[in-house]
Amino acid sequence: MENKKTVIPDTLVITATLGSRETLDRTIKSVISHGGNRVKHILTCPKSKIDGLAKKYPFLEIIPEPEGRKGIYSALNNAIGKYAKNYKYVTFINDDDYWLPDFKKLFSAMDNDEDLDGVYGRTMFMSEEDTIIGEQTSSSRYKAFKALLSKKIVLFTQQSTLIKSELFYTIGGFDESYKLIADSKFWVEAIDLNTKFKYVNVLAAAYTLQEGQLSSDKETQGAEYIKLLNESNFKSVGFSDIVIESFLFRMANISIYLKRYLKL
């Protein structure tokens, strides 16, 4: 009888959760379905929720949030910092989001080019009722991230990203002084290190828009964007860069803008 080859996971996926969202089950199933046995999925949650989640998901490793530190980025830094050294790739996904079948193409892109530090695809925006709201715009000009962010254009979101674990350690994780957009600062710092990213033009993940989630706090988010744009990283971004990159971005996404217009 032929023995099946054991596959050692090479990708760490972290989900920070309060343990109360019903959508967590969908998140976990999507990672299993599209990540398969190459993925190690770890949940991090308040200590009081561990036993309940462990009973529901006995096949997952569940760890407590760090004591004395609050926020999703503290939980992610703690979990990724402890575990990512044992994995080639790392990413994280929220408990109300989920991977789509084409997330596998992000794996393929990384596997096929050892020089890549990270890859990113596009995200589908969904309602609480799981109906499509729209598609994210993006482009292959990843070095335009800062110029575009200066116009509040987000080139990619964390749901549809995959990076080498060593990049996390090189940067030192997420800046915990940010509650909502520390991942945006992380990408800025990564690009400033002259890292090599690749754009994979597929819808790789779904992002659920719902009331009560952190990202719905527009006031805090707006204040944090102002704070980020005042960081030293943005001093090199000129007005002409912003104008040119904004134009090129919009031209690259005409088909998506047209879809939005026709839907309206």
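User: How many of the 11 residues of H7 are buried?

Analyst: The model is a predicted one, and burial in it is judged from relative accessible area, with values under 20% counted as buried. In H7, nine of the 11 residues are buried, so the helix is largely enclosed by the rest of the structure. The buried residues of H7 are Ala182, Asp183, Ser184, Lys185, Phe186, Trp187, Val188, Ala190 and Ile191.

User: What general idea helps in reading the side-chain directions of a helix?

Analyst: An α-helix has 3.6 residues a turn, so residues three or four places apart point the same way. For this helix, the list of buried residues includes Lys185 and Asp183 beside nonpolar residues such as Phe186 and Trp187.

User: What phi does Asn194 take just after H7?

Analyst: Asn194 takes a positive phi of about 65° there.

User: How is empty space inside a model located, and how many cavities of 30 Å³ or more does the count give here?

Analyst: Rolling a probe the size of a water molecule over the atoms shows where empty space is left. In this model the count comes to one cavity of 30 Å³ or more. The largest cavity has a volume of about 90 Å³.

User: Which residues line the largest cavity, and which elements each supply at least two of them?

Analyst: The lining consists of Ile80, Val90, Thr91, Phe92, Thr161, Leu162, Ile163, Phe168, Phe174, Phe186 and Trp187. Strand E4 (89-92), strand E8 (161-164) and helix H7 (182-192) each supply at least two residues of this lining. By class, the lining has nine nonpolar, two polar and no charged residues. Phe186 and Trp187, both in the lining, are also among the buried residues of H7.

User: Which way do the residues of E4 point, and are they buried or exposed?

Analyst: In a strand, one may read the side chains by the direction in which they point. Tyr89 and Thr91 point one way from E4, while Val90 and Phe92 point the other way, and all are buried.

User: Which strands are joined to E4, and do they run parallel or antiparallel?

Analyst: Strand E1 (residues 11-16) is joined to E4 by four bridges, and the two run parallel. Within that pairing, Phe92 in E4 is the bridge partner of Ile14. E4 and E8 are joined by two bridges and run antiparallel. Here Val90 stands opposite Ile163 in E8, and both residues belong to the cavity lining.

User: How many of the six residues of E1 are buried, and which way do they point?

Analyst: Six of the six are buried, so E1 is largely enclosed by the rest of the structure. Thr11, Val13 and Thr15 point one way from the strand, whereas Leu12, Ile14 and Ala16 point the other way.

User: How many bridges join E1 to E2, and through which helix does the chain cross between them?

Analyst: Six bridges join E1 to strand E2 (residues 39-45), and the two strands run parallel. Thr11 stands opposite Val39 in E2. The chain crosses from E1 through helix H1 (residues 24-35) to E2, and this β-α-β crossover is right-handed.

User: How many salt bridges does the count give, and which parts of the chain does the pair Glu176 and Arg69 link?

Analyst: A salt bridge is read from the distance between a side-chain nitrogen and a carboxyl oxygen, here within 4 Å. The count comes to 17 salt bridges. One of them joins the side chains of Glu176 and Arg69 (2.7 Å, N to O). This pair links distant parts of the chain, with Glu176 in the loop between helix H6 (165-171) and H7, and Arg69 in the loop between strand E3 (61-64) and helix H3 (72-83), 107 residues apart. Glu176 is partly exposed, with a relative accessible area of 35%, and Arg69 is partly exposed at 34%.

User: Which residue forms a salt bridge with Lys146, and is Lys146 buried or exposed?

Analyst: Lys146 forms a salt bridge with Asp192, the closest N and O atoms being 2.8 Å apart. The pair links distant parts of the chain, Lys146 in helix H5 (residues 145-149) and Asp192 in helix H7, 46 residues apart. Lys146 is buried, with a relative accessible area of 10%, whereas Asp192 is partly exposed at 39%.

User: Which residues are linked in a network of salt bridges?

Analyst: Asp10, Arg38 and Asp111 are linked in such a network.

Terms used: Residues numbered from 1 in each chain as written. Predicted model: local features only at pLDDT ≥ 70, side-chain atom pairs only at ≥ 80, totals over all residues. Heavy atoms only, no water. 1 Å grid on protein atoms, 1.4 Å probe; cavity = no way out; pocket = protein on both sides within 12 Å on 5 of 7 lines; lining within 4 Å. Points joined across faces, edges and corners; volume = space filled by probe spheres on them. Buried < 20%, exposed > 50% of the residue type's maximum accessible area, 1.4 Å probe, protein only. Pairing = 2+ DSSP bridges. Right-handed = clockwise from strand over helix to strand, strands pointing away.
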